[in-house]
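Thank you all for coming. I would like to walk you through a structure that is probably new to most of you, so please have it open while I talk.

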Amino acid sequence: MLEGFELQLLAPHHQRAQFQSQADSLNDFLRKYAKNQHKNSTTRVYVYAHREGEIAGFFTLSAHLLELSGLPDSILKGRPRLPIPTTLLGRFAIDQRYEGKGLGRTLLSYALREAHKAAQIVASAFVVVDVSEDASEHAAEFYRKCGFVALPSNPQRMLLSLNDVGRSL
Amino acid sequence: MSDFIIAAVLEKADETIASIERWELREEDSRFVMDLLTQRRDIPGLRELLALTDPESAGTPTA
């Protein structure tokens, strides 16, 4: 936790242009696209920001679907053949000036709490993340330690049950 | 609201759902996800992580 900083939904006073993480694509997202996507409710943008507007980190949550295939009736057990609603933790970044202070864990903790809270209103079974190839094994290990598991055929795609989150609160 | 309007709204909802990003899983991954749906896991690391933002000591988001 940083003195004077708190989790907030993205708002006009937040200093998006000054945000500088190691990933240019995430900096660009925050500067160019986050405001409209948040405003249009296609993505919810959360910032960990000072009350005066400085952003130390941010993450996004949005609706997502897992479409299953090839399952026999014996496994489906009467469940409808519909995609499974999930919550995508789509973007996640820390400003370089605040790296090494444990903010990554703090933001992930907030993200899981927010995802769980939302799932009590609109159902969602998992939080899913797609760990980029650039982020490497270090990022995957970070999520694994927090309970995420990787899909067998694609270790970059990881998920965590929101029921498990609920039991751990 | 007429039945026609309701049906039209539902049709629109289908379009909205179709536009949401989705992962189409292979059979192997689908079985894995179905198992996860019914599992109850105790994850010490997750408990520790969530304790970092216990609402008793942390703020809640504001617009």
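Let me begin with a question: which residue stands opposite A:Glu67 in strand 1 of chain B? It is B:Glu24, and we will come back to that pairing once the ground rules are clear. What you see is a predicted model, in which local features need pLDDT of at least 70 and side-chain atom pairs count only at pLDDT 80 or more, while totals for chains, interfaces and linings use all residues. Residues are numbered from 1 along each chain as its sequence is written, and chains are lettered from A and ligands numbered from 1 in the order in which they are written.

A word on confidence, then. The model scores ipTM 0.89 and pTM 0.88. For chain B the mean pLDDT, which is the predictor's confidence in each residue on a scale from 0 to 100, is 78, and 60% of the residues of chain B reach 70 or more. Among the elements of chain B, helix 1 (residues 3-19) has the lowest mean pLDDT, 67, whereas helix 3 (residues 44-51) has the highest, 94.

Now to the overall build of chain A, which has five helices and seven strands; here helices (H or I, at least four residues) and strands (E, at least two) are DSSP runs, numbered from the N terminus. Along the sequence, these elements of chain A follow the pattern β-α-β-β-α-β-α-β-α-β-β-α. The radius of gyration of chain A, taken over C-alpha atoms, is 17 Å, close to the 15 Å that the globule rule (2.2 Å times the number of residues to the power 0.38) gives for 169 residues, so chain A is as compact as a globular protein of that length. Its C-alpha trace spans about 55 × 35 × 30 Å along the principal axes.

What about the inside? Of the 169 residues in chain A, 42% are buried, where buried means that 20 or more other C-beta atoms, placed from the backbone, lie within 10 Å of a residue's own, exposed means 12 or fewer, and partly exposed is in between. The largest nonpolar core, that is, a set of buried Ala, Val, Leu, Ile, Met, Phe, Trp, Tyr and Cys residues joined through C-beta atoms within 7 Å, has 47 residues, and A:Tyr48 and A:Phe58 are among those with the most contacts inside it. Helix 3 of chain A supplies the largest share of this core, seven residues. Apart from that core lies another, of six residues, including A:Leu66 and B:Val33.

Strand 3 of chain A deserves a closer look, since ten of its 13 residues are buried. Two strands count as paired if DSSP finds at least two bridges between them; strand 3 runs antiparallel to strand 2 of chain A, with six bridges, and antiparallel to strand 4 of chain A, with nine. On the strand 2 side, A:Arg44 has A:Leu61 as its bridge partner, and on the strand 4 side A:Gly57 has A:Ile94. A:Gly57 itself is buried, with 25 other C-beta atoms within 10 Å, and beyond its neighbours within four places in sequence it is in contact (C-beta atoms, placed from the backbone, within 7 Å) with residues including A:Tyr48, A:Ala93 and A:Leu107.

One local detail concerns the backbone. Most residues other than glycine have a negative phi. A:Ser41, however, has a phi near 60°, a positive value, and it sits in the loop between helix 1 (24-39) and strand 2 (44-50) of chain A. Is A:Ser41 buried or exposed? With 9 C-beta neighbours inside 10 Å, A:Ser41 counts as exposed.

Finally, back to the two chains together. In this model 40 residues of chain A are in contact with 30 residues of chain B, and helix 3 of chain A gives the most to the side of chain A that touches chain B, with seven residues. That side divides into 23 nonpolar, ten polar and seven charged residues, where Ala, Val, Leu, Ile, Met, Phe, Trp, Tyr, Cys and Pro count as nonpolar, Asp, Glu, Lys and Arg as charged, and the others, Gly among them, as polar. Strand 3 of chain A also runs parallel to strand 1 (residues 22-24) of chain B, joined by three bridges. There A:Leu66 stands opposite B:Trp23, and A:Glu67, as promised, stands opposite B:Glu24.

How values were computed: Contact = placed C-beta atoms within 7 Å.
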